Amino acid sequence: MSEKTIFIVAGESSGDLHGASLAKAIKEIDPKIRICGAGGLLMKSQGVEIFYNFLDLAVVGFWEVLKNLRKIKEIFNLLVRKLDETKPDLVILIDYPGFNLRFAKEVKKRNIKLAYYISPQVWAWGKNRIKLIKKLVDKMIVIFKFEENLYKAHNIDAVFVGHPLLDIVKPIEKKSELLEKYKFDPSKRIISLLPGSREIEVKRHLPILLKTAKLISKKFPNIQFALSQSSNLPENLFYPHLKHCAFNIKIIKNSYDCIELADFVLVSSGTATLETAILEKPMFVIYKTSFLTWLIIRPQIRIPYIGMVNIVAGERIVPEFIQHKTKPEKISQKVMEILNNPEELKKMKEKLRMVKNRLGTSGAVEQAAKIILEMML
């Protein structure tokens, strides 16, 4: 195998996770290959030379991007300089389209091959990005079948490899072992709260989820609560909200343990909804962003729901509480209704199993790695 270089850019925690898996799979095929770029600690742990850790920035929404515009420009210029210094044989961009599609223009100027792994959600908003992708990207490696169909309809080279989460979301321990490990009462039901993996998401969602949990605990005092804390987030983001909690809640620092423990999940919209679906746990989806960001993005949304499980299903199989609908009183009422309806819970689980089946088969990352290395021949 030759000593070639891949430059990879992943801008968020989920991108770091997928970038790390991809880097590992590439290096298993070609251990001599150099992989460098921007990502997080997970990518670094797989031997990627990190020029900038995007998790230090962690902005989401138009207003937050505007506030950090100078910093983002500095990062962009840094990565362009590194692109010129490393002279890679191929660039991989992972999601993060606001930054990555601009970076793609610099890649194209230098006539470097470009693969895009984890497509921007052009099917939900930003349809005009399809023209840009057709102009700049050599191959789209996509994780949903409907994305492959969409790109091929626009004469873009795209290949569906399946969803990498199918190989990642596998609890190491059984629920019975987790109940004992985290000292939950096995005779009582558990609701898990997943407020998000970004600091700004936790600041917005955690108060809503805790107030919802408080209302539920008044009606169902035997319910136990588990709260997921992402490993990249500081503890002082959570504890001020928890110190006055009068109900039974435990922080779980492994999100898959937190989901596996649950009889029901309240989850922030994003990758975690698919992780919850893969573990076949009934859920409600919540999401709240800044008012300005919502004003800008709402008219661009071209689909009737934003939760990935509903998008993959092609129908609303789990309720969504978005923006002004994130009212704890309303959410808690609906949770209590479904917890008292075993038939509805059963139907939701069956639909979630269908979503899981639509994500493809295992081995997505290995297939993506092979495609990328073939592009470098």
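Colleague: In which helix of this model is Thr 276 placed, and is Thr 276 buried or exposed?
Modeller: The model is a predicted one, and in it Thr 276 sits in helix H13, residues 271–278. Its relative accessible area is 0%. Buried means under 20%, so Thr 276 counts as buried.

Colleague: Which residues is Thr 276 in contact with, leaving aside neighbours within four places in sequence?
Modeller: Thr 276 belongs to helix H13. With those neighbours left aside, the contacts of Thr 276 are Ile 259, Val 265, Val 267, Lys 281 and Met 283.

Colleague: Where is Gln 229, and which backbone oxygen lies 3.3 Å from a polar atom of its side chain?
Modeller: Gln 229 is in the loop between strand E9 (224–228) and helix H11 (239–242). Gln 229 is buried, at a relative accessible area of 3%. Not counting residues up to four places away in sequence, Gln 229 touches Pro 234, Glu 235, Phe 238, Ile 251, Ile 252 and Lys 253. The backbone oxygen at 3.3 Å from a polar atom of the Gln 229 side chain is that of Leu 233.

Colleague: Are H5 and H6 roughly parallel or roughly antiparallel to each other?
Modeller: Helix H5 (residues 97–109) and helix H6 (residues 129–136) pack at about 30°, with axes 10 Å apart. Angles under 35 degrees count as roughly parallel. H5 and H6 are therefore roughly parallel.

Colleague: How do the residues of the contact of H5 with H6 divide?
Modeller: H5 contributes Pro 97, Gly 98, Leu 101, Ala 104, Lys 105 and Lys 108, and H6 contributes Arg 129, Leu 132, Ile 133, Lys 135 and Leu 136. These residues divide into six nonpolar, one polar and four charged.

How values were computed. Residues are numbered from 1 along each chain as its sequence is written. This is a predicted model: local features need pLDDT of at least 70, side-chain atom pairs count only at pLDDT 80 or more; totals for chains, interfaces and linings use all residues. Side-chain values use heavy atoms; hydrogens and water are left out. Axes are lines fitted to C-alpha atoms, for helices over the stretch in contact, and angles run from 0 to 180 degrees between N-to-C directions. Helices (H or I, at least four residues) and strands (E, at least two) are DSSP runs, numbered from the N terminus. Angles under 35 degrees count as roughly parallel, over 145 as roughly antiparallel, 65 to 115 as roughly perpendicular and the rest as oblique. Contact means heavy atoms within 4.5 Å. Ala, Val, Leu, Ile, Met, Phe, Trp, Tyr, Cys and Pro count as nonpolar, Asp, Glu, Lys and Arg as charged, and the others, Gly among them, as polar. Buried means under 20% relative accessible area, exposed over 50%, partly exposed in between (1.4 Å probe, protein chains only). A polar contact is a pair of N or O atoms within 3.5 Å; within protein, one must be able to donate a hydrogen and the other to accept it, and residues adjacent in sequence count only if both atoms are side-chain atoms.
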